[in-house]
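Reader: Before I set up any calculation, I would like to go through this structure with you, question by question. Could you take me through the reasoning behind each answer?

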Amino acid sequence: MIFSIGEILIDFIAKEEGSLKKVSTFEKHAGGAPANVTVGLVRLKTLAALISKVGADPFGEFLVEQLEKEGVNINYIRFDKEKHTGVVFVQLIGAKPEFILYDGVAYFNLKIDDIDFSFLEKASLLHFGSVLFAREPSRSTVFEVIKRAKGKIPISYDVNIRLDLWRGREEDMIKDIEKALSFADIVKIGDGELEFLENHGVDLESFNFKLMAVTKGERGSEIIHGEIKTEVPSYRVEPVDTTGAGDAFMAALLSALWHMDKLEHLELNEEELLRVGRFANLVAALSTLRRGAWSVPRAEELKEYKEAREVLIRTELRP
Ligand code: ATP
(Lines give C-alpha, C1' and ligand atoms only; values in the text may rest on other atoms or scores of the structure.)
Protein backbone atom coordinates (compact mmCIF):
# COMPACT_ATOMS: atom_id res chain seq x y z
CA MET A 1 0.00 0.00 0.00
CA ILE A 2 1.22 3.53 -0.81
CA PHE A 3 0.87 5.98 2.10
CA SER A 4 0.70 9.76 1.70
CA ILE A 5 0.96 12.18 4.60
CA GLY A 6 -0.36 15.72 4.31
CA GLU A 7 -3.27 18.05 3.84
CA ILE A 8 -6.80 17.22 2.87
CA LEU A 9 -9.12 20.19 2.51
CA ILE A 10 -12.10 21.73 0.80
CA ASP A 11 -11.28 23.56 -2.43
CA PHE A 12 -13.86 26.26 -3.02
CA ILE A 13 -13.43 26.83 -6.74
CA ALA A 14 -14.80 30.10 -8.09
CA LYS A 15 -17.49 29.47 -10.68
CA GLU A 16 -16.69 32.63 -12.60
CA GLU A 17 -13.31 33.73 -13.91
CA GLY A 18 -11.44 36.73 -12.50
CA SER A 19 -10.57 38.29 -9.17
CA LEU A 20 -11.91 36.81 -5.94
CA LYS A 21 -13.07 40.33 -5.14
CA LYS A 22 -15.67 40.06 -7.89
CA VAL A 23 -16.49 36.37 -7.83
CA SER A 24 -19.77 35.56 -6.11
CA THR A 25 -20.22 31.76 -6.33
CA PHE A 26 -17.95 28.88 -5.45
CA GLU A 27 -18.17 25.16 -6.05
CA LYS A 28 -17.20 22.82 -3.20
CA HIS A 29 -14.61 20.18 -4.13
CA ALA A 30 -12.40 17.84 -2.12
CA GLY A 31 -8.70 18.66 -2.47
CA GLY A 32 -5.25 18.94 -0.90
CA ALA A 33 -2.26 17.69 -2.86
CA PRO A 34 -1.47 14.48 -0.90
CA ALA A 35 -5.18 13.61 -0.79
CA ASN A 36 -5.41 14.17 -4.54
CA VAL A 37 -2.45 11.85 -5.09
CA THR A 38 -4.04 9.17 -2.88
CA VAL A 39 -7.31 9.26 -4.80
CA GLY A 40 -5.43 9.21 -8.10
CA LEU A 41 -3.53 6.11 -6.99
CA VAL A 42 -6.71 4.24 -6.08
CA ARG A 43 -8.35 5.18 -9.40
CA LEU A 44 -5.28 3.72 -11.11
CA LYS A 45 -5.74 0.47 -9.19
CA THR A 46 -3.01 1.00 -6.61
CA LEU A 47 -3.85 0.50 -2.91
CA ALA A 48 -3.43 3.77 -1.01
CA ALA A 49 -3.94 5.33 2.41
CA LEU A 50 -3.83 8.92 3.66
CA ILE A 51 -2.34 10.06 6.98
CA SER A 52 -4.02 13.36 7.82
CA LYS A 53 -6.32 15.31 10.11
CA VAL A 54 -9.69 16.94 9.51
CA GLY A 55 -11.95 18.88 11.85
CA ALA A 56 -14.77 17.18 13.74
CA ASP A 57 -17.19 19.18 11.59
CA PRO A 58 -19.37 18.67 8.50
CA PHE A 59 -16.53 19.42 6.06
CA GLY A 60 -14.32 16.84 7.77
CA GLU A 61 -17.10 14.25 7.59
CA PHE A 62 -17.64 15.10 3.92
CA LEU A 63 -13.95 14.64 3.07
CA VAL A 64 -13.59 11.32 4.87
CA GLU A 65 -16.80 10.05 3.24
CA GLN A 66 -15.51 11.07 -0.18
CA LEU A 67 -12.20 9.28 0.41
CA GLU A 68 -14.02 6.16 1.56
CA LYS A 69 -16.25 6.22 -1.52
CA GLU A 70 -13.12 6.34 -3.67
CA GLY A 71 -11.74 3.26 -1.90
CA VAL A 72 -8.95 5.03 0.00
CA ASN A 73 -7.92 3.48 3.32
CA ILE A 74 -9.12 6.04 5.93
CA ASN A 75 -7.83 4.31 9.09
CA TYR A 76 -5.01 6.82 9.47
CA ILE A 77 -7.14 9.99 9.37
CA ARG A 78 -7.87 11.70 12.67
CA PHE A 79 -10.77 14.02 13.59
CA ASP A 80 -9.60 17.15 15.44
CA LYS A 81 -11.74 18.54 18.25
CA GLU A 82 -9.65 21.76 18.47
CA LYS A 83 -9.39 22.92 14.85
CA HIS A 84 -11.66 23.06 11.83
CA THR A 85 -11.16 21.32 8.49
CA GLY A 86 -8.87 23.23 6.12
CA VAL A 87 -10.41 25.27 3.33
CA VAL A 88 -8.90 26.96 0.29
CA PHE A 89 -10.41 29.44 -2.12
CA VAL A 90 -9.28 28.88 -5.68
CA GLN A 91 -9.71 31.19 -8.62
CA LEU A 92 -9.18 30.04 -12.15
CA ILE A 93 -7.41 32.61 -14.33
CA GLY A 94 -7.68 31.06 -17.77
CA ALA A 95 -7.70 27.40 -16.72
CA LYS A 96 -4.79 28.12 -14.30
CA PRO A 97 -5.54 28.08 -10.54
CA GLU A 98 -4.49 30.59 -7.85
CA PHE A 99 -4.92 29.71 -4.19
CA ILE A 100 -5.69 31.40 -0.89
CA LEU A 101 -4.87 28.97 1.91
CA TYR A 102 -6.04 29.48 5.51
CA ASP A 103 -4.20 29.05 8.78
CA GLY A 104 -5.06 27.40 12.10
CA VAL A 105 -6.72 24.39 10.53
CA ALA A 106 -6.79 20.70 11.43
CA TYR A 107 -4.07 19.46 9.07
CA PHE A 108 -1.53 21.86 10.62
CA ASN A 109 -2.48 20.36 13.98
CA LEU A 110 -1.28 16.86 13.06
CA LYS A 111 0.64 15.66 16.12
CA ILE A 112 3.08 12.84 16.60
CA ASP A 113 0.48 11.06 18.78
CA ASP A 114 -1.87 11.03 15.78
CA ILE A 115 0.48 8.73 13.88
CA ASP A 116 0.09 4.97 14.06
CA PHE A 117 3.62 3.95 13.15
CA SER A 118 2.57 0.39 12.41
CA PHE A 119 1.79 1.79 8.94
CA LEU A 120 5.47 1.32 8.14
CA GLU A 121 4.98 -2.45 8.09
CA LYS A 122 2.22 -2.19 5.47
CA ALA A 123 3.74 0.54 3.31
CA SER A 124 5.50 0.09 -0.02
CA LEU A 125 6.22 3.84 -0.23
CA LEU A 126 5.67 7.08 1.72
CA HIS A 127 4.74 10.23 -0.18
CA PHE A 128 4.63 13.81 1.17
CA GLY A 129 4.68 17.48 0.11
CA SER A 130 5.77 20.80 1.65
CA VAL A 131 2.54 22.34 2.97
CA LEU A 132 2.65 20.78 6.44
CA PHE A 133 6.14 22.23 7.02
CA ALA A 134 4.67 25.73 7.10
CA ARG A 135 3.30 25.40 10.66
CA GLU A 136 3.80 23.45 13.88
CA PRO A 137 3.08 20.83 15.12
CA SER A 138 2.54 19.35 11.64
CA ARG A 139 6.09 20.32 10.60
CA SER A 140 7.81 18.30 13.35
CA THR A 141 5.38 15.43 12.88
CA VAL A 142 6.09 15.03 9.16
CA PHE A 143 9.85 15.29 9.63
CA GLU A 144 9.68 12.62 12.34
CA VAL A 145 7.59 10.34 10.12
CA ILE A 146 9.93 10.62 7.14
CA LYS A 147 12.94 10.15 9.42
CA ARG A 148 11.49 6.89 10.74
CA ALA A 149 10.53 5.72 7.23
CA LYS A 150 13.93 6.48 5.69
CA GLY A 151 15.77 3.33 4.67
CA LYS A 152 12.74 1.10 5.36
CA ILE A 153 10.62 2.11 2.38
CA PRO A 154 11.16 4.44 -0.60
CA ILE A 155 10.20 8.07 0.03
CA SER A 156 8.61 10.34 -2.54
CA TYR A 157 8.41 14.14 -2.28
CA ASP A 158 6.42 16.66 -4.31
CA VAL A 159 8.09 20.01 -3.60
CA ASN A 160 4.87 21.96 -4.21
CA ILE A 161 5.91 25.45 -3.07
CA ARG A 162 3.09 27.57 -1.57
CA LEU A 163 4.87 30.88 -0.91
CA ASP A 164 1.70 32.40 0.52
CA LEU A 165 2.10 30.22 3.63
CA TRP A 166 5.68 31.40 4.25
CA ARG A 167 5.35 35.19 4.01
CA GLY A 168 8.42 36.73 5.70
CA ARG A 169 9.93 33.26 6.28
CA GLU A 170 11.22 32.31 2.85
CA GLU A 171 14.63 31.29 4.20
CA ASP A 172 13.02 28.87 6.66
CA MET A 173 11.02 27.39 3.80
CA ILE A 174 14.12 26.82 1.70
CA LYS A 175 15.92 25.17 4.64
CA ASP A 176 12.95 22.84 5.17
CA ILE A 177 12.76 22.00 1.47
CA GLU A 178 16.48 21.16 1.46
CA LYS A 179 16.02 18.97 4.52
CA ALA A 180 13.06 17.22 2.92
CA LEU A 181 15.00 16.71 -0.33
CA SER A 182 17.73 14.95 1.64
CA PHE A 183 15.22 12.22 2.62
CA ALA A 184 13.68 11.74 -0.82
CA ASP A 185 14.25 8.87 -3.23
CA ILE A 186 11.71 10.17 -5.76
CA VAL A 187 11.19 13.90 -6.32
CA LYS A 188 8.60 15.73 -8.39
CA ILE A 189 9.06 19.42 -9.00
CA GLY A 190 7.52 21.99 -11.35
CA ASP A 191 9.98 23.76 -13.68
CA GLY A 192 9.09 27.13 -12.09
CA GLU A 193 9.82 25.72 -8.64
CA LEU A 194 13.11 24.29 -9.84
CA GLU A 195 14.14 27.69 -11.16
CA PHE A 196 13.05 29.34 -7.90
CA LEU A 197 15.17 26.95 -5.80
CA GLU A 198 18.18 27.29 -8.10
CA ASN A 199 17.91 31.10 -7.84
CA HIS A 200 18.00 30.66 -4.07
CA GLY A 201 21.21 28.62 -4.17
CA VAL A 202 19.73 25.12 -3.92
CA ASP A 203 21.69 22.66 -6.06
CA LEU A 204 19.32 19.80 -6.91
CA GLU A 205 22.21 17.81 -8.37
CA SER A 206 23.86 17.55 -4.95
CA PHE A 207 21.12 15.23 -3.64
CA ASN A 208 20.93 11.45 -4.02
CA PHE A 209 17.52 11.01 -5.63
CA LYS A 210 16.94 7.82 -7.52
CA LEU A 211 14.40 9.49 -9.77
CA MET A 212 13.42 13.11 -10.38
CA ALA A 213 10.50 14.31 -12.51
CA VAL A 214 10.34 17.93 -13.62
CA THR A 215 6.86 18.91 -14.79
CA LYS A 216 6.54 21.62 -17.41
CA GLY A 217 2.82 22.20 -17.86
CA GLU A 218 1.75 22.01 -21.50
CA ARG A 219 5.37 21.22 -22.46
CA GLY A 220 5.22 17.84 -20.72
CA SER A 221 7.92 16.59 -18.37
CA GLU A 222 11.51 15.54 -17.99
CA ILE A 223 12.50 12.47 -16.00
CA ILE A 224 16.00 12.05 -14.65
CA HIS A 225 17.19 8.69 -13.37
CA GLY A 226 20.93 8.28 -12.79
CA GLU A 227 22.61 9.00 -16.11
CA ILE A 228 19.34 8.82 -18.07
CA LYS A 229 17.48 12.04 -18.88
CA THR A 230 14.29 11.74 -20.88
CA GLU A 231 12.17 14.58 -22.24
CA VAL A 232 8.58 13.38 -22.50
CA PRO A 233 6.27 15.49 -24.68
CA SER A 234 2.84 16.30 -23.26
CA TYR A 235 -0.37 14.69 -24.39
CA ARG A 236 -2.29 17.35 -26.33
CA VAL A 237 -5.56 18.55 -24.78
CA GLU A 238 -7.62 21.74 -24.36
CA PRO A 239 -7.60 22.10 -20.55
CA VAL A 240 -10.69 23.17 -18.62
CA ASP A 241 -9.08 23.23 -15.16
CA THR A 242 -5.44 22.42 -14.42
CA THR A 243 -5.99 22.24 -10.61
CA GLY A 244 -4.34 19.02 -9.50
CA ALA A 245 -2.58 18.27 -12.82
CA GLY A 246 0.69 17.96 -10.90
CA ASP A 247 -0.96 15.62 -8.39
CA ALA A 248 -2.44 13.53 -11.20
CA PHE A 249 1.06 13.32 -12.69
CA MET A 250 2.46 12.26 -9.30
CA ALA A 251 -0.21 9.59 -8.79
CA ALA A 252 0.36 8.21 -12.28
CA LEU A 253 4.14 8.19 -11.82
CA LEU A 254 3.95 6.25 -8.53
CA SER A 255 1.22 3.97 -9.83
CA ALA A 256 3.26 3.18 -12.97
CA LEU A 257 6.29 2.29 -10.85
CA TRP A 258 4.11 0.01 -8.70
CA HIS A 259 2.41 -1.69 -11.68
CA MET A 260 5.79 -2.24 -13.33
CA ASP A 261 7.17 -3.65 -10.05
CA LYS A 262 9.87 -0.98 -9.89
CA LEU A 263 9.02 0.69 -6.58
CA GLU A 264 11.27 -1.37 -4.37
CA HIS A 265 14.50 -1.13 -6.34
CA LEU A 266 13.81 1.90 -8.55
CA GLU A 267 15.98 0.66 -11.39
CA LEU A 268 14.63 1.40 -14.87
CA ASN A 269 16.08 1.45 -18.35
CA GLU A 270 15.39 4.29 -20.77
CA GLU A 271 12.48 2.56 -22.47
CA GLU A 272 10.79 1.84 -19.12
CA LEU A 273 11.36 5.40 -18.00
CA LEU A 274 9.73 6.70 -21.17
CA ARG A 275 6.75 4.42 -20.59
CA VAL A 276 6.36 5.84 -17.09
CA GLY A 277 6.66 9.42 -18.38
CA ARG A 278 4.19 8.95 -21.25
CA PHE A 279 1.66 7.43 -18.85
CA ALA A 280 2.08 10.23 -16.27
CA ASN A 281 1.71 12.91 -18.99
CA LEU A 282 -1.39 11.19 -20.39
CA VAL A 283 -3.12 10.89 -17.01
CA ALA A 284 -2.19 14.47 -16.04
CA ALA A 285 -3.43 15.85 -19.38
CA LEU A 286 -6.73 13.97 -19.15
CA SER A 287 -7.17 15.25 -15.58
CA THR A 288 -7.23 18.84 -16.89
CA LEU A 289 -10.41 18.10 -18.84
CA ARG A 290 -12.44 17.90 -15.58
CA ARG A 291 -13.03 20.50 -12.90
CA GLY A 292 -11.69 19.94 -9.39
CA ALA A 293 -8.57 18.21 -8.14
CA TRP A 294 -9.96 14.66 -7.98
CA SER A 295 -9.93 14.46 -11.71
CA VAL A 296 -7.73 11.44 -12.46
CA PRO A 297 -9.54 9.09 -14.86
CA ARG A 298 -10.19 5.56 -13.60
CA ALA A 299 -8.08 2.73 -15.04
CA GLU A 300 -11.19 1.40 -16.86
CA GLU A 301 -11.51 4.70 -18.74
CA LEU A 302 -7.96 4.38 -20.03
CA LYS A 303 -8.36 1.15 -21.97
CA GLU A 304 -8.28 2.88 -25.34
CA TYR A 305 -4.86 4.45 -24.66
CA LYS A 306 -1.74 2.52 -25.58
CA GLU A 307 0.24 4.63 -23.06
CA ALA A 308 -1.98 3.18 -20.31
CA ARG A 309 -2.15 -0.42 -21.52
CA GLU A 310 1.65 -0.70 -21.53
CA VAL A 311 1.86 0.41 -17.88
CA LEU A 312 -1.21 -0.86 -16.01
CA ILE A 313 0.14 -4.38 -16.12
CA ARG A 314 -1.27 -5.56 -12.81
CA THR A 315 -4.90 -5.07 -13.86
CA GLU A 316 -7.31 -6.47 -16.40
CA LEU A 317 -5.93 -3.82 -18.77
CA ARG A 318 -2.93 -6.05 -19.40
CA PRO A 319 -2.27 -6.01 -23.18
P1 ATP B 1 0.44 21.97 -9.84
O2 ATP B 1 -0.76 21.10 -10.15
O3 ATP B 1 0.70 22.11 -8.40
O4 ATP B 1 0.47 23.26 -10.62
P5 ATP B 1 2.72 21.20 -11.46
O6 ATP B 1 3.37 22.54 -11.53
O7 ATP B 1 3.58 20.01 -11.35
O8 ATP B 1 1.67 21.09 -10.29
P9 ATP B 1 2.13 21.26 -14.27
O10 ATP B 1 3.57 21.23 -14.60
O11 ATP B 1 1.35 22.45 -14.67
O12 ATP B 1 1.82 21.01 -12.74
O13 ATP B 1 1.43 19.99 -14.88
C14 ATP B 1 1.77 18.67 -14.52
C15 ATP B 1 1.68 17.81 -15.75
O16 ATP B 1 0.34 17.90 -16.26
C17 ATP B 1 2.58 18.24 -16.89
O18 ATP B 1 3.87 17.66 -16.77
C19 ATP B 1 1.81 17.71 -18.09
O20 ATP B 1 2.09 16.35 -18.29
C21 ATP B 1 0.34 17.86 -17.67
N22 ATP B 1 -0.22 19.14 -18.17
C23 ATP B 1 -0.38 20.28 -17.48
N24 ATP B 1 -0.92 21.25 -18.25
C25 ATP B 1 -1.11 20.70 -19.47
C26 ATP B 1 -1.64 21.16 -20.72
N27 ATP B 1 -2.05 22.42 -20.89
N28 ATP B 1 -1.69 20.28 -21.75
C29 ATP B 1 -1.26 19.01 -21.62
N30 ATP B 1 -0.75 18.51 -20.47
C31 ATP B 1 -0.68 19.33 -19.41
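Reader: Is I77 buried or exposed?

Author: The model is a predicted one, and I77 has its place in strand β5. A residue counts as buried when 20 or more other C-beta atoms lie within 10 Å of its own. I77 has 22 such neighbours inside 10 Å, so the class it falls into is buried.

Reader: With which residues is I77 in contact, leaving aside its neighbours within four places in sequence?

Author: One residue from elsewhere in the chain, A49, lies 28 residues from I77 in sequence, with 9.0 Å between the two C-alpha atoms. Contact is judged on C-beta atoms, which must lie within 7 Å of each other. Once the neighbours within four places are left aside, the contacts of I77 are L50, S52, K53, V54 and V64.

Reader: Which residue in β5 is the bridge partner of K53?

Author: Strand β4, which covers residues 48-55, runs parallel to β5 and is joined to it by four bridges. For K53, the bridge partner in β5 is R78.

Reader: Which strands stand at the edges of the open sheet of nine strands?

Author: The order across this open sheet, whose pairing is mixed, is β5-β4-β1-β8-β9-β10-β11-β12-β13. A strand with a single partner has one side left without a neighbour in the sheet, and this applies to the two strands at the edges, β5 (77-80) and β13 (228-232).

Reader: By how many degrees are neighbouring strands of this sheet turned against each other on average?

Author: Strands of a sheet pair through backbone hydrogen bonds, and they may do so either parallel or antiparallel. In this sheet the pairing is mixed, and the average is taken with direction ignored, which gives a turn between neighbouring strands of 15 degrees.

Reader: What angle does the direction of helix α4 make with that of β8?

Author: Helix α4, residues 138-149, packs on the sheet and touches β1 (2-5), β8 (125-129) and β9 (155-158). Taken against the direction of β8, the direction of α4 makes an angle of about 155 degrees.

Reader: Is F143 buried, partly exposed or exposed?

Author: F143 is found in helix α4, and its C-alpha atom is 9.3 Å from that of D176, a residue 33 places away in sequence. The buried class asks for 20 or more C-beta neighbours within 10 Å and the exposed class for 12 or fewer. F143 has 17 other C-beta atoms within that distance, so the class is partly exposed.

Reader: What is the omega of the cis peptide bond that joins E136 and P137?

Author: Most peptide bonds are trans, so a cis one deserves a separate check. P137 is found in the loop between β8 and α4. The cis bond that joins E136 to P137 has an omega of about 5 degrees.

Reader: Is D261, which has a positive phi, buried or exposed?

Author: Most residues other than glycine have a negative phi. D261, in the loop between α7 and α8, has a positive phi near 60 degrees. With 10 C-beta neighbours inside 10 Å, D261 counts as exposed.

Reader: And N160, which also has a positive phi: is it buried or exposed?

Author: N160 is not a glycine, yet its phi is positive, at about 35 degrees, and its place is in the loop between β9 and α5 (170-183). Having 20 other C-beta atoms within 10 Å, N160 is classed as buried.

Reader: How many of the residues of helix α1 are buried?

Author: Helix α1 spans residues 33-43, and its buried residues include N36, T38 and R43. The helix is largely enclosed by the rest of the structure, because the buried residues number eleven of the eleven.

Reader: Which helix gives the most to the shell around the ligand?

Author: The ligand is surrounded by 22 residues, the closest being G190, T215, E218, G246 and A284. Both α7 and α8 (270-287) supply at least two residues of this shell. With four residues, the helix that gives the most is α7.

Conventions: Residues are numbered from 1 along each chain as its sequence is written. This is a predicted model: local features need pLDDT of at least 70, side-chain atom pairs count only at pLDDT 80 or more; totals for chains, interfaces and linings use all residues. Two strands pair if DSSP finds at least two bridges between them. Axes are lines fitted to C-alpha atoms, for helices over the stretch in contact, and angles run from 0 to 180 degrees between N-to-C directions. Two residues are in contact if their C-beta atoms, placed from the backbone, lie within 7 Å. A residue is near a molecule or strand if its C-beta atom, placed from the backbone, lies within 6 Å of it.
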